[in-house]
Amino acid sequence: VSLAESRVEAVVGRIGSPARSPSLLTAATAAVAALVVAVAVRQGWDSVGLDAARGQVSTAATVFLGIFLEALPFLLLGVFAAATIELFVTDEVLARVLPRHPLASALVGASLGLLFPICECGIVAVSRRLLAKGAPLPLAVALMLAAPVVNPIVIASTWMAFGHLPWLVAGRIVLVFAVAVIVALVFGRHQRPSELLVAPVGQPASAGHDHEHGHDHRHGRLRALLDHANDEFFGMVKYLVLGALLAAVLQTVVPRSALLATGQDPALSVLTLMGLAVLLSICSTVDAFVALSFAGTFSTGAILAFLTFGPLVDVKSVLMYGLLLRRRAVVLLVLLCAQLIYLVGAFVNLNLT
Amino acid sequence: LGAAARAVLLLGLGGLVVWNLASGQVHLYVNERSVWLVALTLPFLLAMAATAWRRSSVGRERLSQIAAALPIALVLLIPARPLGSAALSALDAGASEARPPAGAASSPWPLELTAAGGPGAAMLTWDLRLLERLRGSDPEMRGLEGAPASLVGFVHRTPGLPSDQLLVGRFMVRCCAADAVPITFPVHYPGAAELPIDAWVEVEGSIRYAGADGVRMPFVEASAVRLVPQPARPYLYP
């Protein structure tokens, strides 16, 4: 009966909202017009006589779509996980389960990636949602930083690539875990944590979302889940797209060979591969294989820095951190991570290899 | 309009996924192992689209809408192409020169083939993947003199390359186009200058060595070069 009622309610809902039809019609008309223009531009693409520029634009577009299509499933996984937490995990349960002590919460946050195997494209949504539900700031920050590496998929892929150097595999996991905990503790010691956070962190990521007017839960939990996921998705997608676009353009205009010359310098090589990790913005599930291709050219400390700094800080993740943290806090996070990783990378080069 | 725009954009992204899967263009962007993940996004995008337009209102989110529209616009505006000569120039081929460390567990090549004059080298027909694997374990790529080669890749030319030479290139993709690593192999062919950049070719020939001062570089002495259609899967996968 309830199913039938909900269907009737859904139909009535559609009939009872005449104002929405013109909006949909307008949007559909705009989409069709854009499609017609696009087809015309596409057909003229090959007749333009700018070969080099066209080649670079094509390359950037291919790299951008590669990053976007690869990240889209993980972004959706993240927003649906966040929506599930919002709907099905109460504040009381979280308050009862999660530790409040800064060190304990940072340690738990840095370990939660083992349960949420979500890479950097999706974990920010989960961290935001946990924070909004009352989780301690150190836990959310540690989860956001550690989960892209301290998760079973990435550990396995790192082992596949560097199984012949077990200490490097362990070093990657331990270093990211340690950096995540240290940064989380620094943030946790702030006198007024709210000053570190963006104002509406308690709401889904979509700007201006109002839980009261945007949707309600009368149509059932599935509808509410989709509505929450919708808000999260439109809040996060701009950071993914901007990050992917920036990474694609940088990859196209900055030649890698300009960076490879510093390969064996104990200090410069670390800085170079840290910069390259930011530039490439490769998903942490596969960056180990890319690092493998640098292994004969670059120092071991630099490889470790590439494997650890990239998942912590890259073009798209820095933009996404802006959903949780104020700009100053993001800068602090980036500087802290960069200093720690650089010091460890240089130490490895000078003392252990 | 915000709610309707969301619905249209989500449908558009769903359409982008369907188009890429149906046309096979998805292989220009991601490793074939990731295709099922891309397909998995479709029901989620469509489910969100189905409920999005019924929302009474959403907040101001023009930037989000433009961002969501960008991938759709790029697919519509720019003809899909695999990474080719322009990308190779941008990446500068430096990564393909990198070697795994000696004894790397990932090095799949049988040891006997890496030694000079190793048995069996002349029995194989060498393609770009095999050559790259050998280069991974033996940077000098010894023992291939006279071995038959059959390379399929796009035509690439660097500044200053003699008119009777070309590079046959292909990209190795582990995850997506962002981590593509270029592989190139030099070919000697009198008609090289007539081959258009980025055209896909199949080169048949045998491997020779050239060089001076003790440095010997392998290349393919082409006996036949013919234009071929772009492969359905233009990248190599490890």
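**Figure 1. B:His188 stands opposite B:Glu221 in strand 5 of chain B.** Welcome to a predicted model, in which local features need pLDDT of at least 70, side-chain atom pairs count only at pLDDT 80 or more, and totals for chains, interfaces and linings use all residues. Residues are numbered from 1 along each chain as its sequence is written, chains are lettered from A and ligands numbered from 1 in the order in which they are written, and side-chain values use heavy atoms, with hydrogens and water left out. Strand 3 (residues 181–188) and strand 5 (residues 217–227) of chain B run parallel and are joined by two bridges. Here, helices (H or I, at least four residues) and strands (E, at least two) are DSSP runs, numbered from the N terminus. Two strands pair if DSSP finds at least two bridges between them.

**Figure 2. Strand 4 of chain B is joined to strand 5 of chain B by 10 bridges.** These two strands run antiparallel. To find your bearings, look for B:Val203, which stands opposite B:Val225 in strand 5. Strand 4 (residues 200–210) of chain B is also antiparallel to strand 1 of chain B, with seven bridges joining them. One residue to pick out there is B:Gly153, whose bridge partner in strand 4 is B:Val201.

**Figure 3. Strand 1 (residues 148–156) of chain B is mostly covered.** Seven of its nine residues are buried, meaning under 20% relative accessible area (exposed is over 50%, partly exposed in between; 1.4 Å probe, protein chains only). Strand 1 is joined by three bridges to strand 2 (residues 165–172) of chain B, and the two run antiparallel. B:His156 has B:Leu167 of strand 2 as its bridge partner.

**Figure 4. B:Phe154, B:Phe171 and B:Trp200 form one aromatic cluster.** Rings of Phe, Tyr and Trp (its six-membered ring) pair if their centres lie within 6.5 Å; planes under 30 degrees apart count as stacked, over 60 as edge-to-face and the rest as tilted. By this rule the count over all chains is five aromatic pairs. On chain A, the rings of A:Phe64 and A:Phe68 are stacked, because their centres are 6.2 Å apart and their planes at 15 degrees. These two residues are four apart in helix 3 of chain A, so about one helical turn separates them. Both A:Phe64 and A:Phe68 are buried. Back in the cluster, B:Phe154 and B:Trp200 are edge-to-face, because their ring centres lie 5.9 Å apart with planes at 75 degrees. B:Phe154 sits in strand 1 and B:Trp200 in strand 4 of chain B, so this pair ties together parts that are 46 residues apart in sequence. B:Phe154 and B:Trp200 are both buried.

**Figure 5. The largest nonpolar core has 137 residues.** Such a core is a set of buried Ala, Val, Leu, Ile, Met, Phe, Trp, Tyr and Cys residues joined through side-chain atoms within 4.5 Å. A:Phe162, A:Phe187 and A:Phe233 have the most contacts inside this core. Helix 3 (residues 51–88) of chain A gives the most to this core, with 17 residues. Apart from it lies another core of 28 residues, among them B:Leu131, B:Leu134, B:Ala149 and B:Met172.

**Figure 6. A:Ala288 has its place in helix 14 (residues 287–294) of chain A.** A:Ala288 is buried, with a relative accessible area of 0%. Leaving aside residues up to four places away in sequence, A:Ala288 touches residues including A:Ser157, A:Thr158, A:Phe162 and A:Leu307; contact means heavy atoms within 4.5 Å. The C-alpha atoms of A:Ala288 and A:Leu304, 16 residues apart along the chain, are separated by 9.7 Å.

**Figure 7. The 18 residues of helix 2 (residues 35–52) of chain B should span 26 Å.** The expected span is 1.5 Å times one less than the number of residues, and the end C-alpha atoms are 26 Å apart, which agrees. Buried residues of this helix include B:Leu37, B:Leu45 and B:Met48.

**Figure 8. Chain B averages a pLDDT of 82, with 83% of the residues scoring at least 70.** pLDDT is the predictor's confidence in each residue, from 0 to 100. Among the elements of chain B, strand 1 has the highest mean pLDDT (94) and helix 5 (residues 111–114) the lowest (32). Take care over residues 93–119 of chain B, where pLDDT stays under 50.
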